[in-house]
Amino acid sequence: MTPTPGDRIVARLAERTDGPVPDVVVEPDAEVLARVAATALVARLAAAQAVHGTASVVLTGGGVGTAVLRLVADLAEEPARERVDWTAVDVWWGDERFVPADDDERNEKGARAALLDRVGVPAGRVHALPASDAGFAEPEDAAEWYAGQLAAAAGEGPLPRFDVLLLGMGPEGHVASIFPHSPAATDERPVVAVRDCPKPPPTRLSLGFPAITSAEEVWLLVSGEGKADAVASALGGADPVDLPAAGARGRRATRWLLDAAAAGRLPGAEA
């Protein structure tokens, strides 16, 4: 069987490191990437429900992330194979812009339109990060509240089970709202307030690395040639303080889902 581009990349990465090598999936373009990711997400959530009775997912924003959610909703309307019981799915967010609830910048607003309002996730299972008009004087207060929500859902542990945590990545390697060399990159709290972000809006809320790395599986959805250098650095073992995507790892699995342009500078991609 001819190795896939991802297989070749993983093999080359394994030659360069003694540590665990994440899964790498490479698709021709962003559209195909979103379809593959959506199908895989439905299968993973259905498998989690088969084991636990419920499933839990952490959502991301961005172009590919929102496209995946829209396609997941399409699959829910016409399931090809696996079927997810959306009344038994807990939904969390990896980060959020600290803006008013009706602002189009809100990841929550995009996720509701693309997926949540279409599949009927119960309100009590949608755990949105607070908006700036939700009654918190400072974003730090909102971050502390969300950490309390995580702890309340966790039961015996500090964090609930996250079956899949979805992340996008910026061209400089940020994930969620953890930017290179920012205080959030070394913060040990599960939820942090982020001020003075290098891209607007400047004030945000974000899961910290302790929460991200507690997930069973972390999936990074990345497309575009402008992110190829950061992808190569992250998978090449960069310091997470310098390039936060390098520190986004799941407890059981880490998957990089890339289009060909984003994978273009990885070893083995040239084949």
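This passage describes how three helices pack in a predicted model, and then turns to its pockets and its cavity.

We can start with helix α2, which spans residues 30-52, and helix α3, which spans residues 63-77. Their axes lie 8 Å apart and meet at an angle of about 55°. That angle makes α2 oblique to α3. The crossing in which α2 passes α3 is right-handed. On the α2 side, the contact is formed by A30, L33, A34, R35, A37, A38, T39, L41 and V42. These residues meet V64, A67, V68, L71, V72 and L75 of α3. Sorted by class, the contact of α2 with α3 contains 13 nonpolar residues, with one polar and one charged residue besides.

Helix α3 also packs against helix α4, made up of residues 107-119. Here the axes are again 8 Å apart, and the angle is about 20°. With the cut-off for roughly parallel set at under 35 degrees, α3 and α4 are therefore roughly parallel to each other. In this pair, α3 passes α4 in a left-handed crossing. The α3 residues involved are T66, L69, R70, V72, A73, D74, A76 and E77, while α4 contributes A111, A114, L115, R118 and V119. The contact of α3 with α4 is made up of eight nonpolar, one polar and four charged residues. Readers following V72 will find that residue in the contact with α2 and in the contact with α4.

The empty space comes next. Rolling a probe the size of a water molecule over the atoms shows where such space is left. The structure holds one cavity of 30 Å³ or more, and the volume of the largest cavity is about 30 Å³. The lining of this cavity consists of L41, L45, V57, L59, L69, V72, W86 and L115. Helix α2, strand β2 (55-59) and helix α3 each give two or more residues to that lining. By class, the cavity lining comprises eight nonpolar residues, with no polar and no charged ones. Several of these names are familiar from the helix contacts: L41 takes part in the contact of α2 with α3, and L69 and L115 belong to the contact of α3 with α4.

Turning to the pockets, the largest has a volume of about 470 Å³. It is lined by 23 residues, and those closest to its centre are P20, V21, P22, L235 and R249. Among the elements, α1 (5-16), α7 (228-235) and β9 (253-259) each supply at least two residues of the lining of the largest pocket. That lining divides into 13 nonpolar, six polar and four charged residues.

The second largest pocket has a volume of about 350 Å³. Its lining counts 26 residues, of which T60, G61, G62, G168 and M169 are the closest to the centre. At least two lining residues come from each of α3, β4 (95-97), β5 (164-167) and β8 (217-222). Helix α3 provides the largest share of the lining of this second pocket, with three residues. By class, the lining of the second largest pocket has ten nonpolar, eleven polar and five charged residues. Helix α3 thus appears throughout this account: α3 packs with α2 and with α4, and α3 gives residues to the lining of the largest cavity and of the second largest pocket.

Definitions and conventions: Residues are numbered from 1 along each chain as its sequence is written. This is a predicted model: local features need pLDDT of at least 70, side-chain atom pairs count only at pLDDT 80 or more; totals for chains, interfaces and linings use all residues. Side-chain values use heavy atoms; hydrogens and water are left out. Axes are lines fitted to C-alpha atoms, for helices over the stretch in contact, and angles run from 0 to 180 degrees between N-to-C directions. Helices (H or I, at least four residues) and strands (E, at least two) are DSSP runs, numbered from the N terminus. Angles under 35 degrees count as roughly parallel, over 145 as roughly antiparallel, 65 to 115 as roughly perpendicular and the rest as oblique. A crossing is left-handed if the near helix is turned anticlockwise from the far one by less than a right angle, and right-handed if clockwise. Contact means heavy atoms within 4.5 Å. Ala, Val, Leu, Ile, Met, Phe, Trp, Tyr, Cys and Pro count as nonpolar, Asp, Glu, Lys and Arg as charged, and the others, Gly among them, as polar. On a 1 Å grid over the protein atoms alone, a cavity is a set of points where a 1.4 Å probe fits but cannot get out, and a pocket is an open set with protein on both sides within 12 Å along at least five of seven lines; lining residues have an atom within 4 Å of a point. Grid points are joined across faces, edges and corners, and a volume is the space filled by probe spheres set on the points.
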